[in-house]
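Subject: Structure handover

Hello,

Here is the structure I promised to pass on. Please open it alongside this email and follow along.

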Amino acid sequence: MRKSGPPKGLIAYLVLELLAEKPRYGYEILKEIRELSGGHWEPSYGSVYPILYKFEDEGWAERIEREDEPDRKYFELTDDGFEELDSRREDSAMKAKEFADVILGFYHVYVAFSCDDRFEVPAVEGEWRFDETFSAWIVEQMIRHHEHYYSDEFDRIDATPDEFYGDHGIDLDEE
């Protein structure tokens, strides 16, 4: 179970991956992360630029000058930066459960606001609501995204969480 937001190091990992594609500047990185999230999440400037400066201090990235855009601070990965990226890829592979916990946890809270009698969140005309229709829309968007990347049609999984974890060799006692 996660105690807070996205897994530690997620933004830094994304920055490394994006710099591995091509040199970029901070706002371009923010825009790309927003696109990756389907427009639902964008880290702050205050998180991306310190990461870029840290990467520069560590020797993982270097600032480059572009004559066509002299006022922008572009960064590109160094050889050491590519080595750091390889290391962070390994670390990121171990964070899938943390990531899923964030997604599922917030969705469960969303549904609780919709259905649990302890909460009295009013519906506001013209705004998103905590109700079954909007909850179903969230699930629909997740299915569409899944089908876009993985297959033509989403197949339901009938396993309970314990069965699913067992089928995939996940030991819950290690968490």
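Helix α1 passes helix α4 in a left-handed crossing. This is a predicted model, so please read everything below in that light. α4 covers residues 79–93, and the two helices pack at an angle of about 135 degrees. Their axes lie 10 Å apart. An angle of that size makes α1 oblique to α4.

Which residues make this contact? From α1 come A12, Y13, L16, E17 and A20. From α4 come G81, F82, E84, L85, R88, R89 and S92. By class, the contact of α1 with α4 has six nonpolar, two polar and four charged residues.

Next, α1 and α3.

α1 is made of residues 10–21, and α3 of residues 45–58. They pack at about 65 degrees, with axes 10 Å apart. The two helices are therefore roughly perpendicular to each other. Here α1 passes α3 in a right-handed crossing. On the α1 side, the contact uses I11, A12, V15, L16 and L19. On the α3 side, it uses S47, V48, I51, L52 and F55. How many of the residues in the contact of α1 with α3 are charged? There are none; nine are nonpolar and one is polar.

Look for A12 and L16 on α1. Both belong to the contact with α3. Both also appear in the contact with α4.

Then α2 and α3.

Helix α2 takes in residues 26–36. It packs with α3 at about 125 degrees, and the axes are 10 Å apart. That makes α2 oblique to α3. α2 passes α3 in a right-handed crossing. In α2, the residues involved are G26, Y27, I29 and L30. In α3, they meet Y45, V48, Y49 and L52. The contact of α2 with α3 holds seven nonpolar residues, one polar residue and no charged ones. V48 and L52 of α3 are worth finding on screen. They take part in the contact with α2, and they take part in the contact with α1.

Now the sheet.

It is an open sheet of three strands, in the order β1-β3-β2, with antiparallel pairing. Why is one side of β1 and of β2 left without a neighbour in the sheet? β1 (24–25) and β2 (61–64) stand at the edges, and each has a single partner strand, so one side of each is left open in this way.

β3 runs over residues 74–77. β1 pairs with β3 over two bridges, in the antiparallel sense. β2 and β3 are joined by four bridges and also run antiparallel. F75 in β3 is a good landmark. F75 is the bridge partner of R24, and F75 is the bridge partner of R63 as well.

α3 comes back here too. α3 packs on the sheet and touches β1, β2 and β3. The direction of α3 makes about 105 degrees with that of β2.

Last, the record.

An unreviewed UniProt entry carries the annotation "domain: Transcription regulator PadR N-terminal". According to that entry, the annotation covers residues 15–86. In the model, this span is 56% helix and 14% strand. The end C-alpha atoms of the span lie 13 Å apart.

As you rotate the model, start with α3. You will find α1, α2 and the sheet packed against α3.

Best wishes

Methods:
Residues numbered from 1 in each chain as written. Predicted model: local features only at pLDDT ≥ 70, side-chain atom pairs only at ≥ 80, totals over all residues. Heavy atoms only, no water. Axes fitted to C-alpha atoms, helices over the stretch in contact; angles between N-to-C directions. Parallel < 35°, antiparallel > 145°, perpendicular 65-115°, else oblique. Left-handed = near helix turned anticlockwise from the far one by under 90°. Contact = heavy atoms within 4.5 Å. Nonpolar A, V, L, I, M, F, W, Y, C, P; charged D, E, K, R; others polar. Pairing = 2+ DSSP bridges. UniProt positions renumbered as here; feature names shortened; annotations may be inferred.
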